[in-house]
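Visitor: I'd like a close look at a single part of this model, please. Could you walk me through it with the cut-offs included?

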Amino acid sequence: MGQVLALLGAAIFVAAAVGLHRLPDPYTRTSAVATAAGLGITFIVAGAAFLDPHLSNTVKAIIAIVLQLATSAVGGIVIARSAVLSGHRFSSNTDPGEITDQPERNR
């Protein structure tokens with residue numbers, strides 16, 4: 001079971017690497033990386049916990065998974081927001097209406 005979870009996590013990272021190469025703009029690339037960081041690490045750490053199932057390892061794995069899921073989501077949002085603020089263009093297929101309709105705030 002542990003090896004299957006670790007391989008699934010590795011497959012998620014491979015899919016994210018392909019996405020980094022093929023996706024058209026920084027916003028979709030950020031989404032691919034944040035998703036891979038959250039899910040890929042979760043599966044790999046869970047697989048490691050199944051391979052050595054001691055209570056201390058399980059507690060460490062749960063803490064690592066919770067922290068990774070929280071930080072990958074926040075990190076992805078921050079990276080995408082900084083790309084918006086620095087003026088990176090959206091792909092022609094992207095409708096940025098929800099972002100650009102917001103009034104400018106004092107920074």
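Guide: Happy to! Let's take helix 3, whose buried residues are Ala61, Ile65, Ser72, Gly76 and Ala83; buried means under 20% relative accessible area, exposed over 50%, and partly exposed in between (1.4 Å probe, protein chains only). Helices (H or I, at least four residues) and strands (E, at least two) are DSSP runs, numbered from the N terminus. The model is predicted, so local features need pLDDT of at least 70 and side-chain atom pairs pLDDT 80 or more, while totals for chains, interfaces and linings use all residues. Residues are numbered from 1 along each chain as its sequence is written, and side-chain values use heavy atoms, leaving out hydrogens and water.

The buried residues of helix 3 pack against helix 2 (26-51), where contact means heavy atoms within 4.5 Å. Elsewhere on helix 3, which covers residues 55-85, sits isoleucine 63. That residue is partly exposed, at a relative accessible area of 48%. Ile63 also joins Leu55, Val59 and Leu67 in a nonpolar surface patch of about 400 Å². Patches are made of residues with over 30% relative accessible area and no salt bridge (a side-chain nitrogen of Lys or Arg within 4 Å of a carboxyl oxygen of Asp or Glu); like charges are joined within 9 Å, nonpolar side chains (Val, Leu, Ile, Met, Phe, Trp, Tyr) within 5 Å. Areas come from the Shrake-Rupley method with a 1.4 Å probe; for residues, only the protein chains shown count as cover.

After helix 3 comes glycine 87, with a positive phi near 90°. Overall, the chain has four helices and zero strands.
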